[in-house]
Amino acid sequence: MGEGKNKGGRRPLLDGEHLTVLRAITAEQPRSSLDEVTRELGRRTGMNVCTVTVRKALRQAGIERLKPIRRQTPRALVQGGTPLRVGYTDAHRREDSPSGMNTDLTDAEWALVADLFERDGLRGAPPRYARRTVLNACVYLVRTGCAWRLLPKSFPPWKAVHKSFSR
């Protein structure tokens, strides 16, 4: 029992013949994706297995594949051939905000939505609280799920924020 030959459990689905076919596939198409290797294995042997089984068999046999070449998306081609970078940039990094909460909008985020919240010379009294701080309070409430009355004191009064949020 200490030999490690029979570990018990389920018998491997792919045998030596399948591993030979996998070696041939990866030699012919070294940059193919795991899905492509699985489909080709099914086409050549008639064996339909999932990609997890193929990955496990490749790993146990010591067969190494090269990473597939990433193709450019149609959107990247339109944008000048460089792949689209999505995610945070330095403009999106939060620094210490006036309220001290990490839910506050950054300058880049505020620049995108400011025109939705600012009023330019319309009727009515000027706002008591800056629109950005009211919006930061709304974002804080939505993100944390706290009660209106538990809004931190670094924000405007909860009634003013609630009134603005309801509008």
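**Warm-up: is N136 of helix α6 buried or exposed?**

N136 is buried, at a relative accessible area of 6%. Here buried means under 20% relative accessible area, exposed means over 50%, and partly exposed is in between (1.4 Å probe, protein chains only).

Before you go on, some ground rules. This is a predicted model, so local features need pLDDT of at least 70 and side-chain atom pairs count only at pLDDT 80 or more, while totals for chains, interfaces and linings use all residues. Residues are numbered from 1 along each chain as its sequence is written, and side-chain values use heavy atoms, with hydrogens and water left out.

**Exercise 1. Take stock of the fold of the protein chain.**

Step 1: Count the elements. You should get seven helices and zero strands. Helices (H or I, at least four residues) and strands (E, at least two) are DSSP runs, numbered from the N terminus.

Step 2: Read them off in order. From the N terminus on, the run is α-α-α-α-α-α-α.

Step 3: Check burial. Of the 167 residues in the protein chain, 24% are buried.

Step 4: Look at contacts, meaning heavy atoms within 4.5 Å. Among those with a separation of 6 or more, 45% join residues 24 or more positions apart.

**Exercise 2. Work out what surrounds N136.**

Step 1: Place it. N136 lies in helix α6.

Step 2: List its contacts, skipping neighbours within four places in sequence. You'll find D104, L105 and F155.

Step 3: Pick out D104. It sits 32 residues from N136 in sequence, yet the C-alpha atoms are 5.0 Å apart.

Step 4: Look for a polar contact (a pair of N or O atoms within 3.5 Å; within protein, one must be able to donate a hydrogen and the other to accept it, and residues adjacent in sequence count only if both atoms are side-chain atoms). A polar atom of the N136 side chain lies 2.9 Å from the backbone nitrogen of L105.

**Exercise 3. Describe how α1 and α3 meet, then zoom in on L58.**

Step 1: Get the geometry. The axes of α1 and helix α3 (residues 51-61) come within 11 Å and cross at roughly 90°. Axes are lines fitted to C-alpha atoms, for helices over the stretch in contact, and angles run from 0 to 180 degrees between N-to-C directions.

Step 2: Name the arrangement. Angles under 35 degrees count as roughly parallel, over 145 as roughly antiparallel, 65 to 115 as roughly perpendicular and the rest as oblique, so α1 and α3 are roughly perpendicular.

Step 3: Find who does the touching. On the α1 side it's L19, L22, R23 and T26, and on the α3 side V54, A57, L58 and A61.

Step 4: Sort them. That gives six nonpolar, one polar and one charged. (Ala, Val, Leu, Ile, Met, Phe, Trp, Tyr, Cys and Pro count as nonpolar, Asp, Glu, Lys and Arg as charged, and the others, Gly among them, as polar.)

Step 5: Zoom in. L58 is buried at 4% relative accessible area. Its C-alpha is 7.8 Å from that of L19, 39 residues away along the chain. Beyond its neighbours within four places, L58 contacts L22, T26, L34, I63 and R65.

**Exercise 4. Do the same for α5 and α6, and find the ring pair.**

Step 1: The axes of helix α5 (residues 107-117) and helix α6 (residues 131-144) come within 11 Å and cross at roughly 105°. That makes α5 and α6 roughly perpendicular too.

Step 2: D107, W110, V113 and F117 of α5 meet R131, R132 and L135 of α6. The tally is four nonpolar, no polar and three charged.

Step 3: Now search the whole structure for aromatic pairs; there are three. One of them is W110 with F117, stacked at 6.4 Å centre to centre and 20° between the planes. Rings of Phe, Tyr and Trp (its six-membered ring) pair if their centres lie within 6.5 Å; planes under 30 degrees apart count as stacked, over 60 as edge-to-face and the rest as tilted.

Step 4: Compare the partners. W110 is buried at 12%, whereas F117 is partly exposed at 33%.

**Exercise 5. Explore the surroundings of S32.**

Step 1: S32 lies in the loop between α1 (16-28) and α2 (34-45). At 5% relative accessibility, S32 is buried.

Step 2: Its side chain has a polar atom 2.9 Å from the backbone oxygen of Q29.

Step 3: Not counting residues up to four places away in sequence, S32 touches V37, R65 and P68.
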